[in-house]
Amino acid sequence: MQSPEPNSAAWLEALYKTDPMLATHVQSLLADVSRSDVCAICGDDHPAAYQLCAFRPMTLRLCTYCHSLYRDTYGAALHPLNADPALL
Ligand SMILES: [Zn+2]
């Protein structure tokens, strides 16, 4: 199943069901910057889009710094959305 585009309205709706605290943070951040192509954690405007794998079927748009922080903190496997699905 295809995950919704990160930071879109459908994505936020899905995230509210799995991680309401993160969804609240992202919704507030998106309202502050008035755009959706930003890092979901810090609001940086040059993020890559990463697939968040392993424990939930969601995507997360993260900048390089937040991607490193997330991986180091949670040990979760993150893969770029445009990665070859055979490698995931
Ligand atoms: Zn960031």
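**A short tour of the fold**

Start with the whole protein chain, which contains 3 helices and 3 strands; helices (H or I, at least four residues) and strands (E, at least two) are DSSP runs, numbered from the N terminus. You are looking at a predicted model, in which local features need pLDDT of at least 70, side-chain atom pairs count only at pLDDT 80 or more, and totals for chains, interfaces and linings use all residues. To find your way, note that residues are numbered from 1 along each chain as its sequence is written.

Trace the chain from the N terminus and you will meet its elements in the order α-α-β-β-α-β.

Next, select helix α1 (residues 9-18) together with α2, which covers 20-33. Their axes (lines fitted to C-alpha atoms over the stretch in contact) come within 6 Å and cross at roughly 145°, on a scale where angles run from 0 to 180 degrees between N-to-C directions. On the α1 side, show Leu12, Leu15 and Tyr16; on the α2 side, show Pro20, Leu22, Ala23, Val26 and Gln27. Two residues are in contact if their C-beta atoms, placed from the backbone, lie within 7 Å.

Now move to Ile41, in the loop between α2 and β1 (48-52). Is Ile41 buried or exposed? Ile41 counts as buried because it has 20 C-beta neighbours inside 10 Å; the cut-off for buried is 20 or more other C-beta atoms within 10 Å, with C-beta atoms placed from the backbone. Keep Ile41 selected and add Leu62 and Cys66, its contacts once neighbours within four places in sequence are left aside.

Finally, zoom out: of the 88 residues of the protein chain, 18% count as buried.

Methods:
Buried ≥ 20, exposed ≤ 12 C-beta atoms within 10 Å, placed from the backbone.
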